[in-house]
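Biologist: I have a model open and want to go through it with you. Shall we start with one residue and work outwards?

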Amino acid sequence: MSDILDRIHVVLEERRRAEPQDSYVASLHHMGLNKILEKVGEEATETLLAAKDAEHGDDASRQALIAETADLWFHSLVMLSHLDLDHRAILDELSRRFGVSGHDEKAARQP
């Protein structure tokens, strides 16, 4: 599974250094973090709406949810790349949390 994430990471790193007119990802980096965050928020909203449609929908609405979730994940990866982070940090955090009660994990984060 992480093979595709590794491949995307390599492409995102290459595109960070590309000219804005040559790459969508480069154009996002060029516009800055606020634009990237705007896209993450937009994709999150579209994912939520697609999930509502998919709850009682057909295969097409479920496929739309998958597509919107892919967009959200992609733009989240662009955000991480912009901040000099990558998916491995997220996978490490998920691995750390695996087998830990969600209630316990959340309580441990409280100040």
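Biologist: Is T47 buried or exposed?

Modeller: This is a predicted model: local features need pLDDT of at least 70, side-chain atom pairs count only at pLDDT 80 or more, and totals for chains, interfaces and linings use all residues. Residues are numbered from 1 along each chain as its sequence is written, and side-chain values use heavy atoms, with hydrogens and water left out. Buried means under 20% relative accessible area, exposed over 50%, partly exposed in between (1.4 Å probe, protein chains only). T47 has a relative accessible area of 11%, so T47 is buried.

Biologist: Which residues does T47 touch, not counting residues up to four places away in sequence?

Modeller: Contact means heavy atoms within 4.5 Å. By that test, T47 touches L65, E68, T69 and L72.

Biologist: Which backbone oxygen does the side chain of T47 reach?

Modeller: A polar contact is a pair of N or O atoms within 3.5 Å; within protein, one must be able to donate a hydrogen and the other to accept it, and residues adjacent in sequence count only if both atoms are side-chain atoms. The side chain of T47 has such a partner at 2.8 Å, the backbone oxygen of E43.

Biologist: A44 also has its place in helix α3. How does A44 count by relative accessibility?

Modeller: The relative accessibility of A44 is 26%. That value is why A44 counts as partly exposed.

Biologist: What covers the buried residues of α3?

Modeller: Helices (H or I, at least four residues) are DSSP runs, numbered from the N terminus. The buried residues of α3 are I36, K39, V40, E43, T47, A50 and A54. Their cover includes α2 (24-31) and α4 (59-82).

Biologist: Which side-chain oxygen reaches the backbone nitrogen of A60 at the start of α4?

Modeller: The approach is to within 3.2 Å. The side-chain oxygen belongs to D58.

Biologist: Which residue with positive phi follows α4?

Modeller: Its phi is near 60°. The residue is D84.

Biologist: Which element gives the largest share of the lining of the largest pocket?

Modeller: The lining has 16 residues, with L5, W73, L77, H87 and I90 nearest the pocket's centre. Elements giving two or more residues are α1 (2-16), α4 and α5 (87-97). The largest share, eight residues, comes from α4.

Definitions and conventions: 1 Å grid on protein atoms, 1.4 Å probe; cavity = no way out; pocket = protein on both sides within 12 Å on 5 of 7 lines; lining within 4 Å.
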